[in-house]
Amino acid sequence: MVDQGQLPASPTAGRLDSREAASEPVSPKDAGATQRQKIGSDNGDQPVVQHESQKAWKSATMTVLDAAQDRVEQVRKAVEGLELREKDKIAAMLAERRRQELREAAAEERRQREARRRAEEELKRMQAAELKARREEAEQAKRDAGAALKAATAQFHRATQAEFDTKEKNEAHKQMNDACQAVGNAVSKCHINCKMKFSVLMVCEKRLKMRETRPQQEAFVDEVHEALEKEWSVVNEAREELQRWAKQGETIRAQLEHVQMMMTTENSRGNVARRLKGSTSLPSLAQRASEAPSTQDLLGKSRELVEMAKMVTYGSNEAIERTTQECEAASAAVTACFSRRKAETDTLRKSLDQQRKSAKATLLDAERRISLLKMRMRKISESPRSREQTQEQLQAAEALLEDLKGQKLLLEADYRLKTSSFNVDKSCLTLTKVRAGTHASKLEPVTLTTVQSSPELSKTA
């Protein structure tokens with residue numbers, strides 16, 4: 001409360017008085033009582049002095065109100081800053097927790113996949129051992145049965161050999177024809193499956209080459225790359241195995257045809273040998289004709305070749321079925337890995353996009369609010385100390401704003417990288433055999449220029 005007849009000389013003085021009044025607030029009752037006491041102590045016939053005291057009382061009250069409003073605004077801003085900092089801390093904690101959960105899920109998936117792989121390998125080993133034992137038992141049984149049959153019927157064959165030669169030859173011809181047909185079918189199946197697996201191999205190589213076009217930050221060895229390399233190895237080994245079976249079948253088929261030709265021309269060779277036996281002009285031809293294999297030798301050779309043809313037929317069919325299952329399993333694993341990788345990249349890409357948009361909106365809102373605060377500072381007069389503090393707070397806010405801009409640029413760059421990687425994996429997942437160019441030469445090796453993680457793959461190619 002100012003004395004009678006004295007008013008604030010300037011707005012600054014009024015604000016200084018308002019701060020003092022804010023530090024020592026005076027209620028309206030006390031102000032009125034003080035005013036009435038001063039009026040009562042002076043002459044009761046002085047209305048001018050009473051008017052001036054009322055103005056001072058009103059000015060003090062307004063000063064208190066202004067100070068209270070300023071304090072309320074400062075407290076609100078401080079609380080908003082604390083809330084914003086707390087939200088940022090919570091978001092960082094949630095992001096870290098999410099990263100930990102993703103790493104734990106990936107580790108668990110790797111452990112489960114390794115366990116499944118070991119179980120499959122053990123099952124395959126046991127099946128292979130059981131199949132080998134059964135095959136050996138079957139072969140031994142066939143050999144034992146053949147030996148027993150030969151021992152039991154040796155005398156009978158010697159006695160009735162002339163009678164049954166023709167029948168045996170016909171039967172041998174029939175068996176060899178059937179064996180040639182079966183081996184030819186098996187060889188054709190092997191060649192067809194080789195061609196089919198070549199298209200799968202081209203798709204695998206095309207996917208590897210397409211994944212080399214990913215950005216350098218995204219071109220790391222992941223489960224998709226490992227699955228593709230495994231598929232390439234499985235398909236290539238399957239093709240090599242089928243080619244070996246096909247080559248073996250063609251060799252046996254050629255031998256069967258040669259034995260058939262020898263058995264068909266046996267009578268002609270016998271006639272020629274008898275004619276050349278007493279000849280002295282062509283002794284070499286007579287010797288060669290006499291050295292030709294006998295009928296029994298040819299029949300034995302034909303039986304042996306028929307058994308080998310059966311083994312090749314059975315082995316090639318089993319190899320076709322087994323390699324087809326292995327290739328399908330490898331392809332399914334690649335598809336599953338691609339799906340998981342695509343979903344994971346898509347989730348990260350969407351999160352980055354959402355965070356990018358949120359950062360952009362926050363930047364626009366913060367810039368607008370800081371601009372409004374600067375405009376208000378120009379209109380509001382305050383002490384140099386208060387103005388300096390306000391300037392420091394504005395500079396800190398602008399520094400945080402610049403840091404947010406940098407984070408926004410990083411988010412946009414990471415979003416572009418994730419989008420590029422997502423598009424590459426999506427193209428690989430939808431790649432077909434026709435688009436992969438299965439007509440290309442199979443002699444072209446796949447070159448891993450971006451990720452040199454499989455030297456064995458390059459050696460095999």
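**Close-ups of helix 8 and its partners**

**View 1. D297, a residue in helix 8.** In this predicted model, D297 is part of helix 8. Is D297 buried, exposed or something in between? With a relative accessibility of 49%, D297 is classed as partly exposed, because the exposed class only starts over 50%. For a partner to look for in this view, try V259: the two C-alpha atoms sit 10.0 Å from each other, while 38 residues separate D297 and V259 along the chain.

**View 2. K310, also found in helix 8.** K310 belongs to helix 8. Its relative accessibility is 49%, so K310 goes down as partly exposed. Which distance goes with K310 and V183? Going from C-alpha to C-alpha, K310 and V183 are 7.7 Å apart, although their positions lie 127 residues apart in sequence.

**View 3. T324 and the residues it touches.** T324 is another residue of helix 8. Here the relative accessible area is 23%, which makes T324 partly exposed; the buried class is kept for values under 20%. Leaving aside residues up to four places away in sequence, which residues does T324 touch? They are N193, K197 and A319. Take N193 from that set: T324 and N193 are 131 residues apart in sequence, yet their C-alpha atoms are 8.3 Å apart in space.

**View 4. Helix 8 against helix 9.** Helix 8 covers residues 295–379 and helix 9 covers residues 384–429. Their axes come within 7 Å and cross at roughly 155°. Why call the pair roughly antiparallel? Angles over 145 degrees get that label, and helix 8 and helix 9 are therefore roughly antiparallel to each other. As for handedness, helix 8 and helix 9 make a left-handed crossing. Sorted by class, the residues in this contact come to 18 nonpolar, 9 polar and 18 charged.

**View 5. Helix 5 against helix 8.** Helix 5, made of residues 223–264, packs on helix 8 at an angle of about 165°, and the two axes are 9 Å apart. By the angle, helix 5 and helix 8 are therefore roughly antiparallel to each other. Is the crossing of helix 5 and helix 8 left-handed or right-handed? It is left-handed. In the contact of helix 5 with helix 8, you'll find 28 nonpolar residues, along with 8 polar and 8 charged ones.

**View 6. Stepping back to the whole chain.** To place the close-ups, here is the full protein chain: 11 helices and 0 strands. Read from the N terminus, the order of elements is α-α-α-α-α-α-α-α-α-α-α. The protein chain has 461 residues, and buried ones make up 26% of them. Its accessible surface comes to about 31200 Å², with carbon and sulfur atoms supplying 55% of that. What share of contacts joins residues at least 24 apart? Counting contacts between residues at least 6 apart in sequence, the share is 88%.

How values were computed
Residues numbered from 1 in each chain as written. Predicted model: local features only at pLDDT ≥ 70, side-chain atom pairs only at ≥ 80, totals over all residues. Heavy atoms only, no water. Axes fitted to C-alpha atoms, helices over the stretch in contact; angles between N-to-C directions. Helix = DSSP H or I, 4+ residues; strand = E, 2+ residues; numbered from the N terminus. Parallel < 35°, antiparallel > 145°, perpendicular 65-115°, else oblique. Left-handed = near helix turned anticlockwise from the far one by under 90°. Nonpolar A, V, L, I, M, F, W, Y, C, P; charged D, E, K, R; others polar. Buried < 20%, exposed > 50% of the residue type's maximum accessible area, 1.4 Å probe, protein only. Contact = heavy atoms within 4.5 Å. Areas by Shrake-Rupley, 256 points an atom, 1.4 Å probe, with all protein chains shown as cover.
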